[in-house]
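Here are some exercises to work through with the model open beside you. Try each task before reading its solution.

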2 protein chains.
Amino acid sequence: VGQSGGPTAVINQSLVGVIQAARKSAKIGRLLGACNGVRGIKEGRFVDLKGLDDALLERVAQTPAAALGSTRDKPDAEYCQEIFKVLAKNDVRYFFYIGGNDSADTARIVSELAAASNHELHVFHIPKTIDNDLRVTDHCPGYGSAAKFVASAIMGDDRDNASLPGIKIDVIMGRNAGWLTAAATLARQDEQDGPHLVYVPEVPIPLDKFVDDVAAVYTRLGRCLVAVSEGIVDENHKAWGEKIVENAERDSHGNVQLSGSGSLGDFLAGVVKTRVAAKLNLGVKKLRVRADTFGYLQRSFAGYASKVDQAEARLAGKTAVQYALGGAASGSVAFKRTGRGAKYGIECFLAELKDVARETKSLPRNFINAQGNGITAAFCAYALPLIDELPVMGKIK
Amino acid sequence: VGQSGGPTAVINQSLVGVIQAARKSAKIGRLLGACNGVRGIKEGRFVDLKGLDDALLERVAQTPAAALGSTRDKPDAEYCQEIFKVLAKNDVRYFFYIGGNDSADTARIVSELAAASNHELHVFHIPKTIDNDLRVTDHCPGYGSAAKFVASAIMGDDRDNASLPGIKIDVIMGRNAGWLTAAATLARQDEQDGPHLVYVPEVPIPLDKFVDDVAAVYTRLGRCLVAVSEGIVDENHKAWGEKIVENAERDSHGNVQLSGSGSLGDFLAGVVKTRVAAKLNLGVKKLRVRADTFGYLQRSFAGYASKVDQAEARLAGKTAVQYALGGAASGSVAFKRTGRGAKYGIECFLAELKDVARETKSLPRNFINAQGNGITAAFCAYALPLIDELPVMGKIK
């Protein structure tokens, strides 16, 4: 079993799920943890996971980020042959890979090349991503916890913005998908609560429109809280973040580095400060504009995971092992929703690796309002059950 | 009663403490909440706080930021005369002001000018600040919750950095005092845990030294997590943040805007990327460097306050009213520690406004290590009791 890609608050729940299910079966002789995903396999770096005691496992399950270490490596044919040699040497015939769409693609490549070279290897992908952008599954382990963090952050930040009125821009993770940014909307408990504007990458946003929207809210309420995805694109479908960052880094999967920098937030704050002040005939000094980039805290903050998300991530790990024991050849664990609202529930099914790999799932259009600057009640009904509990704000009118 | 300055997660606990204590006394006929602090008094914007029901008050107490609204206004003589007129008209003779050192200074000015103009006014300052930089008191309400947030964020971020090794720089609030940045150290549970380096404004840090330190840790551990105060200064005692931000804003108290921008983090990440890579003969592309600026979440995140901090903030509000009822003329509520470690406890006393106003309290030298790049166990013993509970990380060795 290995972990791959950007960590989440519950990726170790899935790991512990795999360990617990594997321990229960007499058919599984050894369970090796690959350090740093496929890279650790290639380099023969393993830890024996069967000997860990239960108290430690529960602590690991509560710990954010990948306890086995992660990687962004994407194996090619040569890399895979090295992997197969190490796996054969260790008599490994089942591979569980916990990760997002790039990791699903790695799982697919490894699986296909193993079959092509007659190396017996059953590959199971266990989903995780705060971006919630995997295809097929209803939602992804890791998302609920990140959504809870974002909603709580926005809820407090909205009270902060109401205390010292001005324009506040919060930049939220999610690459090319708006799922996590949309979760900012879950913070709204009253009509006038922020976020007053929410921008996701699914709807292109020209800078003029952004400035006009902010100015209109500020005129109406005397303040404005804006949630912006790191991946928002302009009218030419070019990512703002990519335009701003010089020498933008790309990882081995071709993704541009959008996180780990405050540049998009600072850029938007600068534009808003100048242009909204001019538009409303305010002195630049009179207009309080701030930006925060929520950054890695969204995926790794300790002690505030969603309990629903934790349980589901554990379940995904356990279920992958059960599919393997049941004789499935390979696949990706996916969730299907069995009930809505108070009757929320899920069941697992096994999707094909090729259907989950590479391509991602965008926020559907009916989760975004007509103007492309807000999120609908339909999204909130979708996302709320994934979070155990949100704070309730008290206000003096 | 009014609230002033940057909000905290528990400033409303103090407000509710004032309301509850005032309700209990038959001597207090009316309790007015001033909207946006002294500005609301000047403009006659008040809410009657005696009619609010208990359930709402408890929700307000749990809500971050200033429920009455805040202000950065610093009254001068003319402003004060306007305030006195409004107060006289409303028969207000007691003023409770919840805020930091600038708000204590406002309280002092209002108190002194009231005495000088024979206007009967008893002014009580109730401390709050995530910066923990008020003089006289052992610590400040608001700090424990911000410290809990920072420690939990760093704890998770350290696991994230261990998963995908590289150099990570986290910029933490605190203006010219290192208290909140020091709290990052509370995240360390094992020898090799981050933060590996902690920089506070109390010790000047030349950029060369910063780069050398980071390179040394990276060479030793293959990764490095750095906590940096937004207020760090160079060898000429010039704030890095101020050097970088063009046209830095100043508020009415003369404070430069250091928060609400990712520029310091991005600057340090850029420097580290180039110079550490060169120093270690690594390709720039090989060295993973990221920066996060924790921003306003540190003072306003909802649902994760320290219970100790909440209780103490409530106590500070209640106690201010008791001092007023007991006949004290004016002053600032302060905490004295009555026991250490497991025997931690506090008692309140009344300090003089002039001793708390304006000047701030720096981190003492014995809380910072000899090299000026880390925080000592003495600090941890001081700060840990202010946090109810921190997550415990589980690791697979």
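The exercises below cover the nonpolar cores, the interface and the salt bridges. This is a predicted model, in which local features need pLDDT of at least 70 and side-chain atom pairs count only at pLDDT 80 or more, while totals for chains, interfaces and linings use all residues. Residues are numbered from 1 along each chain as its sequence is written, chains are lettered from A and ligands numbered from 1 in the order in which they are written, and side-chain values use heavy atoms, with hydrogens and water left out.

**Exercise 1. The core**

Find the residues with the most contacts inside the largest nonpolar core, and the elements that contribute to this core.

Step 1. A nonpolar core is a set of buried Ala, Val, Leu, Ile, Met, Phe, Trp, Tyr and Cys residues joined through side-chain atoms within 4.5 Å. Buried means under 20% relative accessible area, exposed over 50%, and partly exposed in between (1.4 Å probe, protein chains only).

Step 2. The largest such core holds 88 residues, and Tyr143(A), Phe379(A), Tyr143(B) and Phe379(B) have the most contacts inside it.

Step 3. In chain A and in chain B, helix H6 (143-163), helix H7 (179-182), strand S8 (224-229) and helix H14 (377-383) each give two or more residues to this core. Helices (H or I, at least four residues) and strands (E, at least two) are DSSP runs, numbered from the N terminus.

Step 4. Another core, of 30 residues, lies apart from the largest one and includes Leu68(B), Phe96(B), Ile98(B) and Ala316(B).

Step 5. Now look around Tyr143(B): beyond its neighbours within four places in sequence, its contacts (heavy atoms within 4.5 Å) include Trp179(B), Leu180(B), Phe379(B) and Tyr382(B).

**Exercise 2. The interface**

Describe how chain A and chain B meet, starting from the area buried between them.

Step 1. The area buried between the chains is about 4,800 Å², with carbon and sulfur atoms giving 58% of it. Buried area is the accessible area (1.4 Å probe) that two parts lose on being put together, summed over both.

Step 2. On the residue level, 63 residues of chain A are in contact with 63 residues of chain B.

Step 3. There are 2 salt bridges between the chains, a salt bridge being a side-chain nitrogen of Lys or Arg within 4 Å of a carboxyl oxygen of Asp or Glu. Asp160(A) and Arg299(B) form a salt bridge, at 2.7 Å from N to O.

Step 4. On the side of chain A that touches chain B, H6(A) supplies the largest share, 9 residues.

**Exercise 3. Salt bridges, buried or exposed?**

Look up the salt bridge between Asp193(A) and Lys395(A) and decide where its two residues lie.

Step 1. The closest N and O atoms of Asp193(A) and Lys395(A) are 2.5 Å apart. The two residues are 202 residues apart, with Asp193(A) in the loop between H7 and strand S7 (197-199) of chain A and Lys395(A) in the segment after H14 of chain A.

Step 2. Asp193(A) has a relative accessible area of 4%, so this residue is buried. Lys395(A) is buried too, at 13%.

Step 3. Both belong to a network of salt bridges that also links Asp158(A), Arg159(A), Asp190(A), Arg223(A) and Lys397(A).

Step 4. For another case, take Glu43(B) and Arg45(B), whose salt bridge is 3.0 Å from N to O. Glu43(B) is partly exposed at 44%, and Arg45(B) is partly exposed at 30%.
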